[in-house]
Amino acid sequence: MLRVAVVRFPGSNCDWDTYHAVAGAGADARFVWHRDTDLQQAEVVILPGGFSYGDYLRSGAIARFSPVMQAVQKHAAAGGAVLGICNGFQILCEAQLLPGALVRNDRLTFVSRPVWVRVERTDTFCTSAYTRGTEMRIPVAHGDGCYVADDDTLRLLEAEGRVVLRYTRGENPNGSVADIAGVCNPAGTVVGFMPHPERYADPVTGSDVGAGFFRSIAAWLPGGTARSTT
Amino acid sequence: MTAAAPVTRASSFPGERPVTLDVVREHNLTASEFDRIVAMLGRTPTLTELGVFSALWSEHCSYKHSKPVLKRFPTTGPQVVQGPGENAGVLRLPNGWAVAFKIESHNHPSAVEPYQGAATGVGGILRDVFTMGARPVAVLNSLRFGPLSEPRNRYLFAGVVRGVGDYGNCIGVPTLGGEVGFAEGYSGNPLVNAMCVGILRESDLATARAHGVGNVLLNVGAKTGRDGIHGASFASEELSEKSEARRPQVQVGDPFTEKLLLEASLELITSKLIVAIQDMGAAGLTSSSAEMAARGGVGVEIDTGLVPTREAGMTPYEILLSESQERMLVVAEPHQVAAIQAVCRKWELDATPIGHVTDDGLFRVKHHGLTVAEIPGQPLVDDCPVYTPNAREGAAAIARRKARPRRAARVDADEALEALLDTPSIASKRWVYEQYDSTVQASTVLGPGGDAGVLRVATEPFALAVSVDCNNRLVGLDPYEGGKATVAEAARNVACTGAEPLGITDCLNFGNPEKPEVFFQFREACRGISDACVAFGTPVTGGNVSFYNESPTGAVDPTPTVGMVGLLRRAEDRVPSHFRAVGDRIVIVGSSEGAMGGSAYWAELCDFIGGAAPRVDLEHETRLQQFLVAAAAARLLRSAHDCSEGGLAVALAEAAIGGPYADRGFGAVADLRTYAPALSAIEALYGEDQGRVVLSVAPAALPGLRAMLTRHGLQGYLAGEVRAPGGELEIVLPEGVHRWPVDRLRAVYDDAIPRRMRGISTDRPEA
């Protein structure tokens with residue numbers, strides 16, 4: 001069974017939601033505390049949403065210095081899979097595991113609602129269960145979700161197909177450049193996005209369209225492509 | 001005043017002012033209350049002691065004007081695990097689970113500092129719930145402001161919403177619903193009521209009852225500063241021009257520390273490391289320690305010199321009365337202290353021993369060894385004088401019920417619907433709830449924008465429905481019927497989702513109780529709430545009284561807010577509020593006599609608040625609730641929506657407009673020619689008779705629905721059907737047909753608040 005470490009920072013608040021979504025997809029979910037440097041041989045590390053360390057400086061700015069992030073850096077450098085959701089995406093950008101930055105929403109207020117996103121890339125460890133171009137509605141809930149990057153970086157991201165999720169036309173909730181909702185590193189092994197698929201992983205919450213991200217992870221073959229799900 | 005021999009001894013803290021009658025008045029204590037204190041102590045109190053009395057004998061802590069009335073609330077039932085008197089009420093759920101919930105006001109702090117006032121209001125109510133051992137799973141709020149045409153009201157509204165959001169969002173508790181109203185009476189004195197709902201295993205229930213002589217008192221969480229000193233007394237006086245000077249007394253919230261405190265507290269409780277725990281809320285260390293001791297019938301001794309402070313040189317008086325946020329008082333056996341400190345360290349918190357439980361029944365405070373307060377503990381908490389003020393309905397209030405509007409509405413019957421949907425009190429609250437995280441915890445079954453929020457409980461099949469309501473216009477017009485109507489609406493909202501109403505918490509916001517007309521409103525509204533709760537079998541499990549909601553322009557409308565919790569046996573049976581499929585039949589349950597008294601139509605379009613309030617038939621309401629629950633369980637309903645403000649036309653429009661994220665609204669036709677043939681168009685469309693719901697039902701389910709209605713002694717009126725998206729809402733009356741394009745209604749409904757709030761900053765009042 002594929003092992004997934006869900007990192008808990010003080011202030012993480014989607015830790016349990018993520019844990020349940022991972023376990024529900026059939027993977028072996030484990031919590032890893034922010035002071036730990038042992039990732040328990042996990043094949044995939046997830047940085048969940050929340051307000052790590054209160055986000056009082058910049059979202060994710062303090063978390064990047066935590067002991068566990070040294071282990072995550074090493075894991076990523078060795079080609080290990082890392083997913084950052086919302087605050088986790090902010091941390092990955094602060095830690096320079098992903099390019100660009102997430103700044104205050106253009107409307108300056110927190111925004112919480114389901115938004116339409118399109119899956120632009122399906123050959124990553126967390127999107128393989130979807131077909132390219134799939135559009136789905138998933139909740140966002142953030143104050144600092146406006147993705148920005150310099151022009152060279154943007155050109156590179158588009159040229160290399162590293163935009164993993166994009167808000168569909170008219171749905172961009174935060175002013176992100178090029179409607180970008182999520183990106184990945186060149187190898188596709190580090191992925192970050194703002195929407196919360198773990199909140200739409202069970203039909204009783206109104207929709208389970210987000211469960212595919214966790215099914216992708218559970219079916220992933222480290223070092224290879226997606227495991228056959230049949 | 002005559003003093004017997006001193007029963008206790010205490011010394012003035014060096015530099016403290018002597019206690020004179022002026023100092024007593026500054027502390028909001030009357031001469032006769034002071035006499036009682038002197039008699040109790042057998043001597044003049046020290047300033048520190050006077051501060052302690054002023055906090056515990058404030059209206060906010062002592063309920064001195066409300067106790068006799070509150071005693072009449074029904075508080076028992078087979079589902080009650082914990083009634084009033086603890087930090088929160090607790091009701092039993094299936095399979096060993098329980099729900100802890102409470103509502104509380106933070107009106108005065110929010111009036112002078114909306115962002116922090118609202119944020120710390122949320123923080124306080126969260127702590128009340130997790131000190132019971134419950135994990136907070138939902139926050140709701142009930143807000144009232146003056147009209148948005150006034151810049152200051154827009155500033156207060158924006159700041160409060162941002163404050164509520166930032167706190168709940170950061171800590172990771174979804175805001176599942178609430179209500180917002182706007183009326184002239186709240187212009188100088190907004191109301192900010194926050195409710196929290198938490199889930200626990202019944203076996204993990206914690207209490208705030210100190211016991212075990214020699215047990216240690218620990219201060220857990222944030223350091224104590226000079227913020228919020230005298231907050232409890234501030235909450236117990238009228239607002240005035242001088243209130244602005246109180247701004248430095250408003251506490252500052254830190255949701256990150258609160259999140260750590262939440263996790264640490266739950267870990268301490270579930271690992272059974274502690275004896276008792278209480279939030280340091282209003283009146284801080286004073287009330288938490290004195291109340292915990294009194295509940296346990298023991299004494300306590302604290303050394304304020306041991307309390308970690310943010311700044312040097314704080315006096316015992318300041319430390320005792322500080323309302324710094326994110327602090328808990330814990331009682332534990334001495335051998336557990338090290339283990340408790342280890343848990344707290346893991347969550348980056350301090351846990352500092354500051355005192356112990358004694359057997360002498362005294363509330364004793366030392367500061368580095370010097371005894372600065374020594375007061376008999378039980379009398380300190382229990383012997384505050386209780387007042388039963390005169391209650392007399394004002395002549396103007398009586399006359400208002402017999403009056404009729406002096407002018408016609410400014411628009412015709414068709415335009416009235418748009419005008420009402422454009423009224424901020426009725427319009428979509430998306431502008432508000434999209435600033436609140438409503439889906440964190442991944443348990444939201446029905447989010448904001450419907451009749452009630454619904455959330456699942458762990459992996460159990462059942463779910464909870466939660467709602468807050470108050471029809472302040474009806475309460476103002478007729479406090480007794482209005483009190484009944486408020487509970488009935490909350491119960492109906494919960495029942496519309498398919499959940500069985502279980503119990504309530506209330507937040508009773510009124511003016512100065514020493515005024516006979518205000519006390520009349522209070523007493524009668526509470527009588528209405530009691531009668532409704534008895535009829536519905538929904539006991540009152542606790543709450544909060546907020547008096548002195550007065551500004552120089554007068555008292556607020558009486559606003560007894562009711563928070564209701566209901567049990568939905570199977571989460572997947574939940575019934576949304578909006579139409580869902582073309583061809584579904586529209587059924588109205590409940591009859592109409594065209595009740596215009598207190599209606600939104602008269603208030604908003606004729607500038608008239610008056611007329612006879614509709615009578616609430618509690619027996620009918622009970623049957624209606626039971627029918628809704630049974631029909632949901634039998635899966636007969638596609639949607640169910642309460643008919644309240646704005647009457648049937650607004651209820652039909654809201655159901656047709658659809659939920660906040662529907663692609664497009666549905667068309668609908670409702671033929672009311674035989675529903676209430678004797679009524680005028682205005683009465684039929686906008687009358688606010690109680691006890692009504694609008695249902696949509698699949699055609700195949702109609703026979704089952706009819707049988708279910710008959711079984712509950714109710715009549716349903718088959719009014720029409722749901723039509724294709726993009727169509728019209730068509731209401732047929734004896735005098736003609738009324739038509740509105742639903743897309744247009746939706747645009748008006750959605751934009752009513754945003755268009756009034758465009759460009760509003762929360763940073764400072766507009767010039």
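## Two helices in chain B

Helices α8(B) and α26(B) are roughly perpendicular to each other, because angles of 65 to 115 degrees count as such. In this predicted model, the axes of helix α8 (residues 151-171) and helix α26 (residues 742-757) of chain B cross at roughly 110° and come within 10 Å. That is the usual way to put it: two packed helices are described by the angle between their axes and the distance between the axes.

Which residues make the contact? From α8(B) come B:R154, B:F157 and B:A158, and they meet B:I753, B:R756 and B:M757 of α26(B). Sorted by character, the residues of this contact are 4 nonpolar, no polar and 2 charged.

## The sheet of chain B

Chain B also has an open sheet of 7 strands, and the pairing in this sheet is mixed. If you would like to trace the sheet on screen, the order is β23-β25-β22-β26-β24-β27-β28. Strands β23 (639-642) and β28 (736-741) of chain B are at the edges; each has a single partner strand, so one side of each is left without a neighbour in the sheet. From one strand to the next, the twist averages 20°.

At one end of that order, strand β27 (residues 728-733) of chain B runs antiparallel to β28(B), and 6 bridges join the two. One pairing to look for is B:E728, whose bridge partner in β28(B) is B:P741. Helix α23 (residues 647-657) of chain B packs on the sheet, where α23 touches β22, β23, β24 (666-671), β25 and β27 of chain B. The direction of α23 makes about 150° with that of β27(B). Helix α22 (residues 618-633) of chain B lies across β22 (585-589), β23 and β25 (693-697) of chain B, and runs at about 20° to β25(B).

## The sheet of chain A

Now for chain A, where 9 strands form an open sheet with mixed pairing. Their order is β2-β1-β3-β4-β11-β10-β9-β6-β7. Here β2 (28-33) and β7 (135-142) of chain A stand at the edges with a single partner strand each, so one side of each has no neighbour in the sheet. The twist from one strand to the next averages 25°.

Within the sheet, strand β4 (residues 81-85) and strand β11 (residues 190-193) of chain A run parallel and are joined by 4 bridges. A:V82 has A:V190 as its bridge partner in β11(A). Helix α3 (residues 87-94) of chain A packs on this sheet, touching β3, β4, β10 (180-184) and β11 of chain A, and its direction makes about 120° with that of β4(A). Helix α1 (residues 15-24) of chain A lies across β1 (3-8), β2 and β3 (44-47) of chain A, at about 155° to β2(A).

## Where the chains meet

How many residues does each chain bring to the contact? Chain B brings 32 residues and chain A brings 29 residues. Between them, about 2500 Å² is buried, with carbon and sulfur atoms giving 53% of that area. B:F256, B:E434 and B:Y661 supply 20% of the area that chain B buries against chain A, more than any other three residues.

## Salt bridges

Side chains of opposite charge can pair when their charged atoms come close. Over all chains the count is 67 salt bridges, and 4 salt bridges are found across the interface of chain B and chain A. A:R35 pairs with B:E348 in a salt bridge, with the closest N and O atoms 2.6 Å apart.

A:R113 and B:E434 also meet through their side chains in a salt bridge, at 3.5 Å from N to O. A:R113 lies in strand β6 (residues 111-119) of chain A, while B:E434 lies in the loop between α17 (430-433) and β14 (444-446) of chain B, so this pair joins two chains.

Methods: Residues numbered from 1 in each chain as written. Chains lettered and ligands numbered in written order. Predicted model: local features only at pLDDT ≥ 70, side-chain atom pairs only at ≥ 80, totals over all residues. Heavy atoms only, no water. Pairing = 2+ DSSP bridges. Axes fitted to C-alpha atoms, helices over the stretch in contact; angles between N-to-C directions. Contact = heavy atoms within 4.5 Å. Parallel < 35°, antiparallel > 145°, perpendicular 65-115°, else oblique. Nonpolar A, V, L, I, M, F, W, Y, C, P; charged D, E, K, R; others polar. Buried area = accessible area lost by both parts, 1.4 Å probe.
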